[in-house]
Amino acid sequence: MNQFFRRATSSLIRTPARSLRVRPPVAFQSRGFARSVIITTTGPDRQGIVADVTDALDNHGASVQESRMALLGSNFALIMRAIVNDTVCTEDLKSTVEQKFPGFTVGLADTETQVAGFKGTRAILELNMEGPDQPGLLKNLTRILAAQNISVRDLHTNTHSAPFAGYSVFTTRTILAFPPEVNLEEFEEDLEEFESKYGVHLSLTDPAEEEEGQEDEEQPVTGPTLQRDMIGMHQRE
């Protein structure tokens, strides 16, 4: 892989785990907002979906903390985490949202206010994939991760047409939590085999370093050209 791969994987050795804990504001805690709920809605896309959801939550004094939204096909999908007062009834809140969205699939469930920490994690890294769309890509990539007990913390996928290529391109952006017991050599070999088998390009980066800015950014490498760039890292172990 390129230099970014080498930099990212080296952090598995020298970089302590980064906490991605999310805490509700102190102001909300002092007002009794001690409970988190997850709200999901899925249905035909139309104008005003987000406004209607947030209006329904506001009627119960809820405050949105995190959210993910996407247009998938002709449907709009939304998932939110909101903090509410302990006195708010979950079923009443769900009923209010459902009244705003007839014909939509609505879900609501309690969750922990604080995100579970990455206990024993060696590093948080970002794995990106790009290549021809084909059956089995995501299934087999995640099997490699599961075999090493690598936890998927966030995942985004997309499919788009490749100009002049005549096929669709499948891309993924995945945030991963690496455990202390990860076998680096075996993990590298599995990624090389996967890249070669499916004709995709994989890159492993440290999202923290990307945010800080890098002095020697490189152009992406295309094709199944996974190199042994982790050799130096293995020698340092």
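## Two sheets and their charged pairs

R173 has a relative accessibility of 34% and counts as partly exposed. The residue belongs to a predicted model, and we will meet its salt-bridge partner in Exercise 1.

**Exercise 1. Which residue forms a salt bridge with R173, and is that partner buried or exposed?**

Step 1: Find the partner. R173 forms a salt bridge with E126, and their closest N and O atoms are 3.5 Å apart.

Step 2: Place both ends. E126 sits in strand β5 and R173 in strand β7, so 47 residues separate them and the pair links distant parts of the chain.

Step 3: Judge the cover. Buried means under 20% relative accessible area. E126 has 7%, so E126 counts as buried, while R173 at 34% is partly exposed.

**Exercise 2. Work out the strand order of the sheet that holds β5 and β7, and say which strands are at its edges.**

Step 1: Read the order. This open sheet has four strands, arranged β6-β7-β5-β8 with antiparallel pairing.

Step 2: Look at the ends of that order. The edge strands are β6 (151-161) and β8 (201-205), each of which pairs on one side only.

Step 3: Check the twist. On average, neighbouring strands of this sheet are turned by 15° against each other, with direction ignored.

Step 4: Zoom in on one pairing. β6 and β7 (residues 168-178) run antiparallel and are joined by 10 bridges. Within this region, N158 has T171 in β7 as its bridge partner.

**Exercise 3. Which residues does T171 touch, and is T171 buried or exposed?**

Step 1: Locate the residue. T171 is part of strand β7.

Step 2: List the contacts, leaving out residues up to four places away in sequence. T171 touches M129, E130, H156, T157, N158 and H160. One of these, N158, is also the bridge partner from Exercise 2.

Step 3: Compare with the cut-off. Buried means under 20%, and T171 has a relative accessible area of 19%, so T171 is buried.

**Exercise 4. Which helices lie across the strands of this sheet, and at what angles do they run?**

Step 1: Begin with α5 (residues 137-147). This helix lies across β5 (123-132), β6 and β7, and runs at about 155° to β5.

Step 2: Move on to α6 (residues 184-198). This helix lies across β5, β7 and β8, and runs at about 150° to β8.

Step 3: Look for a surface feature. L138 is in helix α5, and with 30% relative accessible area L138 is partly exposed. Together, L138, V152 and L155 make a nonpolar surface patch of about 200 Å².

**Exercise 5. What is the strand order of the sheet that contains β1 and β4, and why do its edge strands each have a side without a neighbour?**

Step 1: Read the order. This is an open sheet of four strands with antiparallel pairing, ordered β2-β3-β1-β4.

Step 2: Examine the edges. β2 (63-72) and β4 (105-111) each have a single partner strand, so one side of each has no neighbour in the sheet.

Step 3: Add the twist, which averages 10° from one strand to the next.

Step 4: Follow one pairing. Strand β1 (residues 35-44) and β4 run antiparallel, joined by seven bridges. Here S36 stands opposite T111 in β4.

Step 5: Add the helices. α3 (residues 49-58) packs on the sheet and touches β1, β2 and β3 (75-84), with its direction at about 25° to that of β3. α4 (residues 90-100) also packs on the sheet, touching β1, β3 and β4, and its direction makes about 155° with that of β4.

**Exercise 6. How many salt bridges does the whole structure hold? Then describe the pairs R46 with D52 and E66 with R81.**

Step 1: Take the total. A search of the whole structure finds five salt bridges.

Step 2: Describe the R46 pair. The side chains of R46 and D52 meet at 3.0 Å, N to O. Both ends are partly exposed: R46 has 32% relative accessibility and D52 has 22%.

Step 3: Describe the E66 pair. E66 and R81 form a salt bridge whose closest N and O atoms are 2.5 Å apart. The pair links distant parts of the chain, with E66 in strand β2 and R81 in strand β3, 15 residues apart.

Step 4: Judge the cover of both ends. E66 has 25% relative accessibility and counts as partly exposed, whereas R81 has 5% and counts as buried.

Methods: Residues numbered from 1 in each chain as written. Predicted model: local features only at pLDDT ≥ 70, side-chain atom pairs only at ≥ 80, totals over all residues. Heavy atoms only, no water. Pairing = 2+ DSSP bridges. Helix = DSSP H or I, 4+ residues; strand = E, 2+ residues; numbered from the N terminus. Axes fitted to C-alpha atoms, helices over the stretch in contact; angles between N-to-C directions. Contact = heavy atoms within 4.5 Å. Patch = residues over 30% accessible without salt bridge, like charges linked within 9 Å, V, L, I, M, F, W, Y side chains within 5 Å. Areas by Shrake-Rupley, 256 points an atom, 1.4 Å probe, with all protein chains shown as cover. Salt bridge = Lys/Arg side-chain N within 4 Å of Asp/Glu carboxyl O. Buried < 20%, exposed > 50% of the residue type's maximum accessible area, 1.4 Å probe, protein only.
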